[in-house]
Amino acid sequence: MSSRSIRRKYGQNYLVDKAILFEMANHVSAKENDSFIEIGPGMGALTDLININNVNVTAIDIDENNIKALKTKFIGPAVFNFINEDIQIICNFEILSTGFD
């Protein structure tokens, strides 16, 4: 199955507009000791903007290829927990609290 077919299967659309990303990051205004749950991080466009020291990011994506790419791309300075799962079927919300106090 081609990557385009996989994206269509999951209904994925990737955020690439730098102006929108800038505005989102500005509103989030990540700082040390913040914790985020990012649903559908895709290729990490927003993840990249919250990747700062001592920030905890749990990113959940249905697409295994995205998770593999994110694990390779992001090794810090934030603390990452990448989960390959369908957010619609996660029933045990304890999985979301991993790495958070």
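The lining of the largest pocket draws at least two residues from each of α2 (18–28), β1 (35–39), α3 (45–49) and β2. The model is a predicted one, and the space in this pocket comes to about 460 Å³. Its lining counts 26 residues, and those closest to the pocket centre are Ile39, Gly40, Pro41, Gly42 and Asp61. Sorted by class, 14 of the lining residues are nonpolar, 8 are polar and 4 are charged.

These elements belong to a protein with 4 helices and 3 strands. Read from the N terminus, the order is α-α-β-α-β-α-β. Among contacts in the protein with a separation of 6 or more, 43% join residues 24 or more positions apart.

The next topic is the interior. In soluble globular proteins, nonpolar side chains tend to be buried together. Here the largest nonpolar core has 11 residues: Phe36, Ile50, Val55, Val57, Ala59, Ile67, Leu70, Phe74, Ala78, Phe80 and Phe82. At least two residues of this core come from each of β2 (56–61), α4 (64–73) and β3 (79–84). β2 therefore appears twice, since it supplies at least two residues to the pocket lining and at least two to the core, where buried means under 20% relative accessible area.

Phe74 is one of the core residues. Leaving aside residues up to four places away in sequence, Phe74 touches Gly44, Thr47, Asp48, Asn51, Phe80 and Phe82. Two of these partners, Phe80 and Phe82, are listed in the core as well.

Over the whole protein, 32% of the 101 residues count as buried. The exposed area is about 6,700 Å², with 52% of it supplied by carbon and sulfur atoms.

How values were computed:
Residues numbered from 1 in each chain as written. Predicted model: local features only at pLDDT ≥ 70, side-chain atom pairs only at ≥ 80, totals over all residues. Heavy atoms only, no water. Core = buried A, V, L, I, M, F, W, Y, C linked by side-chain atoms within 4.5 Å. Buried < 20%, exposed > 50% of the residue type's maximum accessible area, 1.4 Å probe, protein only. Contact = heavy atoms within 4.5 Å. 1 Å grid on protein atoms, 1.4 Å probe; cavity = no way out; pocket = protein on both sides within 12 Å on 5 of 7 lines; lining within 4 Å. Points joined across faces, edges and corners; volume = space filled by probe spheres on them. Nonpolar A, V, L, I, M, F, W, Y, C, P; charged D, E, K, R; others polar. Areas by Shrake-Rupley, 256 points an atom, 1.4 Å probe, with all protein chains shown as cover.
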